[in-house]
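Student: I would like to learn how to read the empty space in a protein model and what occupies it. Could we work through an example together, starting from the open spaces?

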Amino acid sequence: MLPSTQPARRGRETLAGGGWIELHEGFFRDHEAQMAALLEELPLRVEEVVVCGKRYPTPRRTSWHGDPGCAYGYSGRRWEPSPWTPTLDRIRAQLDELEGVHFNSLLANHYRDGADAMGAHADDEPELGPSRDDVRIASVSLGAARRFVLGHRATKEKREWSLGGGSVLVMGGPLQRDWVHRVPRTKRVVGPRLNLTFRVVVPRPRIP
Ligand SMILES: O=C(O)CCC(=O)C(=O)O
């Protein structure tokens with residue numbers, strides 16, 4: 001029987017400013033089955049976010065998971081972590097081994113079709129630690145392929161990758177300081193995609 005993961009194809013690409021990207025294509029062979037299991041396990045929902053004082057529904061479904069104390073805030077909201085599920089636990093163990101890092105939290109994003117998207121942003125929230133110069137994020141893509149576009153904050157240079165099902169994209173170093181990233185809408189007919197961005201956040205006791 002084939003192992004559920006292939007040996008990682010390590011190809012680190014360093015971008016302007018010193019941040020880096022590693023793309024491991026086809027890392028999870030059973031990504032369609034993992035997505036089907038996770039769509040049953042995760043409490044995915046359309047959330048409301050606050051941008052410039054106005055409330056908007058997110059154009060995708062999300063859920064936040066983590067160890068106790070690993071809350072996360074973005075777009076004017078704070079999310080307490082939902083528990084790990086059996087499938088998330090298995091994926092996390094493989095990523096911890098790949099990266100030699102203990103990921104303690106993740107954001108799940110469910111793109112139901114090409115109209116669902118993620119706007120330009122950087123993962124540079126204070127929960128990710130005091131320094132934006134070394135933020136490690138492992139992004140797992142399950143299901144349909146989507147474009148992942150990076151834009152340099154100062155020079156406006158653009159780079160893009162197609163993130164296929166089963167791939168793992170790792171972002172590291174000062175990438176979040178210098179670049180923003182997005183998953184654009186598409187008019188092409190695309191199937192559903194589930195993305196999991198594993199993170200290391202600084203746990204804090206819950207404030208009642
Ligand atoms: O869906 C993706 O590939 C990107 C997700 C993302 O940007 C995020 O969770 O911050």
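Tutor: Let us begin with the largest pocket, which holds about 470 Å³ of space. Please keep in mind throughout that this is a predicted model.

Student: How is such empty space found, and which residues lie nearest the centre of the largest pocket?

Tutor: The general idea is that rolling a probe the size of a water molecule over the atoms shows where empty space is left. In this structure 30 residues line the largest pocket, and those nearest its centre are Arg-60, Tyr-74, Met-118, Gly-119 and His-121. By class, the lining divides into 16 nonpolar, nine polar and five charged residues. At least two lining residues come from each of several strands, among them strand 3 (48–51), strand 4 (54–57), strand 6 (72–74) and strand 13 (168–172).

Student: Where does the ligand sit?

Tutor: The ligand sits in this largest pocket. Four elements each give two or more residues to the shell around the ligand, namely strand 8 (105–111), strand 9 (118–121), strand 14 (179–183) and strand 15 (193–199). Strand 15 makes the largest contribution to that shell, with four residues.

Student: How many residues surround the ligand, and which are the closest?

Tutor: The ligand is surrounded by 14 residues, the closest being Tyr-111, His-121, Asp-123, His-181 and Arg-193. Sorted by class, the shell consists of six nonpolar, five polar and three charged residues.

Student: Which side chains place a polar atom by an oxygen atom of the ligand?

Tutor: A polar contact is read here as a pair of N or O atoms within 3.5 Å. In the side chain of Tyr-111, an N or O atom is 2.6 Å from an oxygen atom of the ligand; for Thr-197, a polar side-chain atom lies 3.1 Å from a ligand oxygen; and for Asn-195, the distance from a side-chain N or O atom to an oxygen of the ligand is 3.3 Å. As for cover, the ligand taken alone exposes 300 Å², of which the protein buries 98%.

Student: A pocket is open, whereas a cavity is one from which the probe cannot get out. How many cavities of 30 Å³ or more does the structure hold?

Tutor: There is one cavity of 30 Å³ or more, and the volume of the largest cavity is about 30 Å³. Its lining is formed by Arg-146, Arg-147, Pro-184, Arg-185, Thr-186 and Arg-188, a set that divides into one nonpolar, one polar and four charged residues.

Note on methods: Residues numbered from 1 in each chain as written. Predicted model: local features only at pLDDT ≥ 70, side-chain atom pairs only at ≥ 80, totals over all residues. Heavy atoms only, no water. Near = heavy atom within 4 Å. Polar contact = N/O pair within 3.5 Å; in protein donor to acceptor, adjacent residues only side chain to side chain. Areas by Shrake-Rupley, 256 points an atom, 1.4 Å probe, with all protein chains shown as cover. 1 Å grid on protein atoms, 1.4 Å probe; cavity = no way out; pocket = protein on both sides within 12 Å on 5 of 7 lines; lining within 4 Å. Sits in = over half its atoms within 2 Å of the grid points. Nonpolar A, V, L, I, M, F, W, Y, C, P; charged D, E, K, R; others polar. Points joined across faces, edges and corners; volume = space filled by probe spheres on them.
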